[in-house]
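Please open the structure in your viewer and keep the selection tool at hand. The tour goes from one selection to the next and says what is found at each stop.

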Amino acid sequence: MSTGLLCLKASDTRGQIFSIDLIGAVGLFIFILLAAYWFESSTLSRIDSTVSVQRMTTMAFVASNALVLPGGGPSLASSPNVLSLARVSSFFSSNYSLAKDSLAIRSPYELKVSLLDPDKRPLSVFGLEPSDAVNSFTIDRIVVYNSSLSVLRVEVWYG
Amino acid sequence: MARAFILSLDAVLTVFVVLGVILASSFFLDRSMLTDWDSAFLQATASDFLTVADKQGLLSSFMSDPDALKPLYRMLPKRACARLNVYDAAGVLARSSVRSECAKFAPVTGASRRTFIYSDSIYLAEVVMWYK
């Protein structure tokens with residue numbers, strides 16, 4: 001008899017925990033938690049992607065400036081936008097890793113530099129081909145090379 | 001009465017506040033992803049354009065031949081537009097040229113200026129660039 005009463009009391013009290021309100025509240029809480037997690041994940045992913053593109057863009061821009069403006073290091077120019085034949089020849093036959101370092105291109109980013117004729121056909125190519133690149137950024141700089149108009153194309157990419 | 005805790009005024013207000021914060025952060029995040037790089041590249045390209053035009057003598061040639069800049073326009077990126085204005089020492093427009101198929105002006109621009117001498121007079125060349 002006393003055991004039966006206890007069972008009855010226990011089954012009465014269970015309703016307080018598993019009420020519709022509680023189940024609804026837990027469901028809503030889980031939904032909001034998942035939504036917040038999804039929002040955070042997608043936001044972080046977008047930020048990562050943007051930072052990566054920004055970094056690539058900055059590196060390409062800085063590298064192109066270093067190449068077409070006169071100065072020390074990897075500069076190809078004897079005066080602004082006028083490339084020196086000797087410097088171009090030296091750069092395009094140099095060691096890839098050293099050239100990449102001198103242009104401040106860090107892994108996992110890779111570099112390709114092309115010198116194009118007025119019809120934008122390559123005269124010289126240096127660096128790695130971005131065949132399986134996930135992202136790449138290209139900047140074209142107008143230059144004078146061998147007394148004629150040319151384009152120096154700098155491409156930074158990562159696979 | 002006991003169910004009201006789900007749809008109480010506090011809860012409704014909280015939902016609005018949270019939604020507002022999420023929308024505001026999303027809006028500002030999108031804005032932060034817009035960069036001034038497009039403008040910086042146009043600026044650099046405009047500067048390259050004038051430097052090379054001057055060094056190749058194309059600015060002087062342009063004063064007598066309106067087509068002198070065509071080879072240089074071809075060197076620009078395909079989606080870049082350019083307009084070159086040349087002003088005399090009094091600031092009066094002396095010559096003007098626009099890359100073909102670039103009548104429509106766009107808000108992202110880059111500009112560069114350079115002085116040069118033609119027939120013993122000083123002129124100011126100004127190039128404004130934008131994307132199609």
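What follows is a walk through a contact between chains, a sheet with its helix, and a few backbone details.

Before selecting anything, note that this is a predicted model, in which local features need pLDDT of at least 70 and side-chain atom pairs count only at pLDDT 80 or more, while totals for chains, interfaces and linings use all residues. Residues are numbered from 1 along each chain as its sequence is written, and chains are lettered from A and ligands numbered from 1 in the order in which they are written.

Begin with the contact between the chains, to which chain A gives 21 residues and chain B gives 21 residues; two residues are in contact if their C-beta atoms, placed from the backbone, lie within 7 Å. On the chain A side, select α2 (20-68), β5 (135-145) and β6 (148-158), the elements that give two or more residues to it. Helices (H or I, at least four residues) and strands (E, at least two) are DSSP runs, numbered from the N terminus. The largest share of this side, nine residues, comes from α2(A).

Next, turn to chain B and select its open sheet of four strands, which has the order β2-β1-β4-β3 and antiparallel pairing; two strands pair if DSSP finds at least two bridges between them. At the edges are β2 (93-98) and β3 (109-118) of chain B, each of which pairs on one side only. Strand β1 (residues 80-87) of chain B pairs with β2(B) over five bridges in the antiparallel sense, and Tyr87(B) stands opposite Leu93(B) in β2(B).

Now add helix α2 (residues 37-55) of chain B, which lies across β1, β3 and β4 (121-131) of chain B and runs at about 15° to β3(B). Axes here are lines fitted to C-alpha atoms, for helices over the stretch in contact, and angles run from 0 to 180 degrees between N-to-C directions.

Finish with the backbone, keeping in mind that most residues other than glycine have a negative phi, and most peptide bonds are trans. Where is Pro108(A) placed? Pro108(A) sits in the loop between α4 (96-102) and β3 (110-116) of chain A, and a cis peptide bond with omega of about 10° joins Ser107(A) to Pro108(A).

Select Asn146(A) in the loop between β5 and β6 of chain A; Asn146(A) has a positive phi of about 55° although it is not a glycine.
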